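Reader: Please take me through one part of this model in detail, namely the charged side chains that pair with each other. I would also like to know what surrounds them.

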Amino acid sequence: TLDDSVLTANISGVTSLNVGEKEIGDLTGIEAFVALEELWFYQNKLTSVDVTKNTSLTYLNSSINQLTSLDVTKNTSLKYLYNDENSVTSLDLSKNTALVELQCSDCKLTSLDVTANTALTLLKSNNNQLTSLDVSKNTALKTLETYNNKLTALDVSQNPALNTLWCSDNQLTSLDVSNNTALTELDIGGASFTNLDVSNNTALTYLGIIG
């Protein structure tokens with residue numbers, strides 16, 4: 001419980017709570033913090049957590065735990081979700097239409113649906129087991145990192161604002177970046193294709209092609 005950190009009488013008014021790096025194995029009681037807008041519980045020992053009652057959350061950092069699932073379907077105001085280094089195999093983000101930044105690297109994700117997250121500007125899904133990733137609805141996306149997955153294709157034609165694309169160590173057979181004229185960083189290291197046309201990418205300052 002969190003009784004040692006916050007007086008019970010004040011719980012309902014707390015809007016920000018940081019319990020990161022506290023060796024916590026149980027966050028029972030967090031559901032009483034109904035006014036929470038920002039919550040950090042990164043780098044603990046949590047195997048589960050219930051944030052379904054924290055419906056005012058706009059910022060959640062649950063990274064570096066032992067979570068096997070994370071239900072954020074009730075957190076419809078969420079703008080920033082950082083859930084790196086967990087054992088989560090799936091994330092339902094269909095209700096998180098306000099999401100601006102999503103980090104879910106180093107998990108065990110086999111799929112990731114971000115088609116409802118049209119406000120996304122940053123997506124990092126590195127070191128997972130993704131075989132596909134549809135970013136066609138994420139037209140505001142500026143940063144996309146999805147290296148070390150199992151992607152066989154990646155369509156970034158609908159992401160004109162993209163300035164950083166890291167997609168190395170996948171199973172891509174081609175990549176069309178002709179519409180991504182804002183690109184400044186592109187890394188396709190480990191790609192199995194030899195032809196890459198960057199003639200439209202005149203803003204490029206970094207190009208990584210070595211696996």
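Author: What follows covers the sheet, then the salt bridges, then the core and one buried asparagine.

The model is a predicted one. Its frame is an open sheet of ten strands, paired in parallel and ordered β1-β2-β3-β4-β5-β6-β7-β8-β9-β10. The edges are taken by β1 and β10 (206–208); each has a single partner strand, so one side of each has no neighbour in the sheet. On average, neighbouring strands of this sheet are turned by 5° against each other, direction ignored. One of the pairings is that of β3 with β4 (residues 80–82), which run parallel and are joined by three bridges. Here Tyr80 in β4 has Tyr59 standing opposite.

Now to the charged pairs. Side chains of opposite charge can pair when their charged atoms come close. How many salt bridges does a search of the whole structure find? The search finds two.

One of them links Lys45 and Glu23, with 2.9 Å between the closest N and O atoms. Glu23 is in the loop between β1 (16–18) and β2, and Lys45 in the loop between β2 (38–40) and β3 (59–61), so this pair ties together parts 22 residues apart in sequence. Glu23 counts as exposed, because its relative accessibility is 57%. Lys45, at 44%, counts as partly exposed.

The other salt bridge joins the side chains of Glu145 and Lys124, at 3.9 Å from N to O. This pair sits on strands: Glu145 belongs to β7 (residues 143–145) and Lys124 to β6 (residues 122–124), so parts 21 residues apart in sequence are tied together. Glu145 counts as buried, since its relative accessibility is 14%. Lys124 is partly exposed, with a relative accessible area of 22%.

Next comes the nonpolar interior. The largest nonpolar core has 51 residues, and the members that touch the most others are Leu60, Leu123, Leu144 and Leu165. Among the contacts of Leu144 are Leu123, Leu165, Val156 and Leu162, leaving aside residues up to four places away in sequence.

Val156 and Leu162 also appear among the residues that Asn180 touches, together with Asn159 and Asn201, again leaving aside residues up to four places away. Where is Asn180 placed? Asn180 is in the loop between β8 (164–166) and β9 (185–187). This polar residue is buried, with a relative accessible area of 0%. A polar atom of the Asn180 side chain lies 2.9 Å from the backbone oxygen of Val156.

Technical notes. Residues are numbered from 1 along each chain as its sequence is written. This is a predicted model: local features need pLDDT of at least 70, side-chain atom pairs count only at pLDDT 80 or more; totals for chains, interfaces and linings use all residues. Side-chain values use heavy atoms; hydrogens and water are left out. Helices (H or I, at least four residues) and strands (E, at least two) are DSSP runs, numbered from the N terminus. Buried means under 20% relative accessible area, exposed over 50%, partly exposed in between (1.4 Å probe, protein chains only). A polar contact is a pair of N or O atoms within 3.5 Å; within protein, one must be able to donate a hydrogen and the other to accept it, and residues adjacent in sequence count only if both atoms are side-chain atoms. Contact means heavy atoms within 4.5 Å. A nonpolar core is a set of buried Ala, Val, Leu, Ile, Met, Phe, Trp, Tyr and Cys residues joined through side-chain atoms within 4.5 Å. A salt bridge is a side-chain nitrogen of Lys or Arg within 4 Å of a carboxyl oxygen of Asp or Glu. Two strands pair if DSSP finds at least two bridges between them. Axes are lines fitted to C-alpha atoms, for helices over the stretch in contact, and angles run from 0 to 180 degrees between N-to-C directions.
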